[in-house]
Amino acid sequence: MKKQFIAGNWKMNLTLEKAKALVKELCNGLADSEAVDVGIFPSFVYLKDICDILKGHNVFVGAQNMNMEKSGAFTGEVSGEMLRDIGCTHVIVGHSERRAIYQETNSMVNAKIKAALSNDLCPILCVGESQEERDADKTREIVEGQLSGGLEDLTSEQVEGLTIAYEPVWAIGTGKTATPEQANEVHAFIRNIIRSKYNDDTAQSIRIQYGGSVNSKNAKDLLGQPEIDGALVGGASLDSNSFLDIVSEAVKFS
Ligand code: PEP
């Protein structure tokens, strides 16, 4: 069994005071949870404060997005170097909200992953199909396309530094979760793609999180699946009790 990785995507939520309070609650509750990797992904403007609070604690801090360029005239954007500079270790890339609302393409996602890796940031690459795509039996085609495009020109060593999050779009923020079997099947498919593009070691070592309405009630069944190595949690990560309950479930499968 791999060490599970539970990540909280806070999206555009919380105030600075609420974010700090939530981090403190998490620190208190996580005292003995070294068996699991835990990461939180606050909005850009709170990252520095949260990194400072979490210095010396066993919790990763990452951004929800980054720009693929090194520096320059890109008004409003944030580079990988800037994230690293303030203490971030991770970054979410290709979240379905960024793909759908901000038209991020697979080649942009690929450029962001390369920029993240060159700044020693560990990317979480999000992939997943919409409801229409699942209904049209295109889940595998969509996920395979997102992986091929997102991972283009990456070596097996680089891919081993990545986490992949399978997040069916129809399950995000809807309360509609993939069944553990549905999720496990796509995770196995993803691992097979990694195996055929790279090798068995890479396929075995890469962690594949499930994301989409994970909560303290369904976490046990999802995380108990053999191909599921953690969760990317949205809504339930905004409540310390729910998030800590999910981490506790993950401890059982690490
Ligand atoms: C997400 O946005 O990555 C996510 C999984 O959200 P939720 O848990 O709220 O569905």
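**Reading a predicted model: loops, a helix, parallel strands and buried polar residues**

User: In this predicted model, does D120 count as buried or exposed, and why?

Analyst: D120 counts as exposed because its relative accessibility is 58%, and exposed means over 50%. The residue sits in the loop between α5 and β5.

User: What is noteworthy about the backbone of D120?

Analyst: Most residues other than glycine have a negative phi. D120 is not a glycine, yet its phi is positive, at about 60°. This residue comes just after helix α5. A second case is K11, also a residue other than glycine, with a positive phi near 50°. K11 is found in the loop between β1 and α1 (16-29).

User: How should I read helix α5 itself, and how far does the helix reach from its first C-alpha to its last?

Analyst: The general idea is that an α-helix has 3.6 residues a turn, so residues three or four places apart point the same way. Helix α5 covers residues 106-118, 13 residues in total. From first to last C-alpha the helix reaches 18 Å, close to the 18 Å expected at 1.5 Å a residue.

User: Which residues of α5 are buried, and what covers them?

Analyst: The buried residues are V109, N110, K112, I113, A115, A116 and L117. Their cover includes two strands, β4 (90-93) and β5 (122-127), together with the helices α4 (96-101), α7 (139-150) and α8 (156-160).

User: Helix α7 also holds E144. What is E144 in contact with, apart from its neighbours in sequence?

Analyst: Leaving aside neighbours within four places in sequence, E144 is in contact with F189 and I193. The residue is partly exposed, since its relative accessible area is 37%. Its C-alpha is separated by 23 Å from that of Q4, which is 140 residues away along the chain.

User: Turning to the strands, in which sense do β2 and β3 pair?

Analyst: In a regular strand the side chains alternate between the two faces of the sheet. Strand β2 (residues 37-41) pairs with β3 in the parallel sense, over 2 bridges. Within this pairing, I40 stands opposite V61 in β3. Strand β3 also runs parallel to β4, joined to it by 2 bridges. There, A63 stands opposite V91 in β4.

User: Which helices take part in the β-α-β units formed with these strands?

Analyst: Helix α2 (residues 47-54) combines with β2 and β3 in a right-handed β-α-β unit. Helix α3 (residues 80-85) does the equivalent with β3 and β4, and that unit is right-handed.

User: How many aromatic pairs does a search of the whole structure find?

Analyst: The search finds 2 aromatic pairs. One of them is F5 with F60, an edge-to-face pair with 5.9 Å from centre to centre and 90° between the planes. This pair links distant parts of the chain: F5 belongs to strand β1 (residues 5-9) and F60 to strand β3 (residues 60-63), 55 residues apart. As general background, a pair of aromatic rings is described by the distance of the centres and the angle of the planes. F5 counts as buried because its relative accessibility is 0%, whereas F60 counts as partly exposed at 25%.

User: Which polar atom of F5 lies 3.0 Å from the side chain of Q209?

Analyst: The backbone oxygen of F5 lies at that distance, 3.0 Å, from a polar atom of the Q209 side chain. Q209 lies in strand β7 and counts as buried because its relative accessibility is 0%. Beyond its sequence neighbours within four places, Q209 has contacts that include I6, A7, I124, H187 and L232.

User: R207 is another residue of β7. With which side chain does R207 make a polar contact?

Analyst: The partner is the side chain of D37, at 2.9 Å. R207 counts as buried because its relative accessibility is 16%, and buried means under 20%. Apart from neighbours within four places in sequence, R207 contacts residues including K2, K3, F5, T163 and D229.

User: K2 appears in that list. What separation do the C-alpha atoms of K2 and S205 have?

Analyst: Those C-alpha atoms are separated by 7.8 Å, although the residues are 203 apart along the chain. S205 is found in helix α10 (residues 200-205) and is partly exposed, with a relative accessible area of 35%. Leaving aside neighbours within four places, S205 is in contact with K2 and E160.

Methods
Residues are numbered from 1 along each chain as its sequence is written. This is a predicted model: local features need pLDDT of at least 70, side-chain atom pairs count only at pLDDT 80 or more; totals for chains, interfaces and linings use all residues. Side-chain values use heavy atoms; hydrogens and water are left out. Helices (H or I, at least four residues) and strands (E, at least two) are DSSP runs, numbered from the N terminus. The expected span of a helix is 1.5 Å times one less than its number of residues. Buried means under 20% relative accessible area, exposed over 50%, partly exposed in between (1.4 Å probe, protein chains only). Contact means heavy atoms within 4.5 Å. A polar contact is a pair of N or O atoms within 3.5 Å; within protein, one must be able to donate a hydrogen and the other to accept it, and residues adjacent in sequence count only if both atoms are side-chain atoms. Rings of Phe, Tyr and Trp (its six-membered ring) pair if their centres lie within 6.5 Å; planes under 30 degrees apart count as stacked, over 60 as edge-to-face and the rest as tilted. Two strands pair if DSSP finds at least two bridges between them. A crossover is right-handed if, with the strands pointing away from the viewer, the path from the first strand over the helix to the second runs clockwise.
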